[in-house]
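Q: Could you walk me through the salt bridges, a strand and a cavity in this one?

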Amino acid sequence: MTDPDAPGPGTPPGREAVTARIEGHRRELNGYCYRMLGSAFEAEDAVQETMVRAWRGADRFDGRASLRTWLYRIATNVCLDALAGRERRARPMDLCAPAVGATSPGGALDASAWIEPFPGGPSAAAVDPAEAAATGESVRLAFVAALQHLAPRQRAVLLLREVLGFSAREVADVQGSTVASVNSALQRARAVLAAWRSEGVDGAASAPIPEATRRALADRYAAAFSGFDMEALSMLLHVDATLSLAPHTLWMRGSEEIRAWLAGPAVGCRGSRLLPTTANGSPAFGQYRRRADGTGFDPWALQVVEVSGDAVTDISVFRDTGRLFPLFGLPPHLDA
């Protein structure tokens, strides 16, 4: 009887050689698991579980498939197990209509309900530089939210084929299926995403812009917000810009609604300090509000700011600073 876990034909690469290379794939696996799960925290857990399984099985890796394909096979199984029987994560835009004339953020949902921000840009160390733009787009909050509308296996096929550049045969090896099954799943996934785009749930159309332009717009936004200059902020906002406030279901569309919210219910943000960072490949800021006694500034929210052309198209505000600020390397407070 043949041992199914025994090395195949040829000379196995050896446990030490395999384990030494496994760690080099951690960053790109983290990006993949984030897109699959919609949570940076769950992605880190999934990658750690992938690494543990890979280290334990390193002596069974026979080299017939690439190490990368083998690791993605493990990571995909870990993610599929984690997603079994679970409700999809969402953004406020997925759950209700935009608010008009809102006076409070309303109720809050548990953190497990939301798409969470991901530190930095996409992890794509193994992707050809020519695909960098597509890879960057695939980590945007709106795209990750759209992925949640796909069945988990369709989600994996789309990411492996169209973001990470695997062939249909390689994806079939990852999923233990056939090329025909992979192609069928990809076709269905594309149809779902096409319907999502046609519904316009992604806000204003996004077009690639130079990083210097993106950062300049973000700096202007930070200056306007910190100075609570509503005129300057209005000039930066796209007419159909959106603002969301996870973990609250409230969200709004339109520069006038956003301005009214900031000048009214959110006026306590006046005098905030913004500390720059990056999330989901977009400019982001740790927002700190001044303490009542004037002794310093405490964490208030993480803002992820998406821009297109010459305007800000989306502001995603995340209030879970206790979890997110350490993840993004933001300090627990700022001195006066």
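**Salt bridges, a strand and a cavity**

A: The side chains of D320 and R323 meet in a salt bridge, at 3.1 Å from N to O, where the term stands for a side-chain nitrogen of Lys or Arg within 4 Å of a carboxyl oxygen of Asp or Glu. This is a predicted model, in which local features need pLDDT of at least 70 and side-chain atom pairs count only at pLDDT 80 or more, while totals for chains, interfaces and linings use all residues. Residues are numbered from 1 along each chain as its sequence is written, and side-chain values use heavy atoms, with hydrogens and water left out.

Q: Are D320 and R323 buried or exposed?
A: D320 counts as partly exposed at 29% relative accessibility, and R323 counts as partly exposed at 31%; buried means under 20% relative accessible area, exposed over 50%, and partly exposed in between, with a 1.4 Å probe and protein chains only.

Q: How many salt bridges are there by this rule?
A: The count comes to 15. One of them joins R26 and E44, at 3.7 Å from N to O, and this pair links distant parts of the chain, with R26 in helix α2 (residues 26-37) and E44 in helix α3 (residues 40-56), 18 residues apart. Helices (H or I, at least four residues) and strands (E, at least two) are DSSP runs, numbered from the N terminus.

Q: What about R26, buried or exposed?
A: R26 counts as buried because its relative accessibility is 19%, whereas E44, at 36%, counts as partly exposed.

Q: Switching topic, which strands does β1 pair with?
A: Six bridges join β1 to strand β6 (residues 311-318), and these two run parallel, while three bridges join β1 to strand β2 (residues 251-253), in an antiparallel arrangement; two strands pair if DSSP finds at least two bridges between them. L237 stands opposite V312 in β6, and S244 has W251 in β2 as its bridge partner.

Q: And how covered is β1?
A: Strand β1 (residues 237-246) is mostly covered, with seven of its 10 residues buried.

Q: Which strand gives the most to the lining of the second largest cavity?
A: That is β6, with three residues, and the full lining consists of A90, R91, P92, W114, I115, L141, S244, A246, S316, V317 and F318. On a 1 Å grid over the protein atoms alone, a cavity is a set of points where a 1.4 Å probe fits but cannot get out, and lining residues have an atom within 4 Å of a point.

Definitions and conventions. 1 Å grid on protein atoms, 1.4 Å probe; cavity = no way out; pocket = protein on both sides within 12 Å on 5 of 7 lines; lining within 4 Å.
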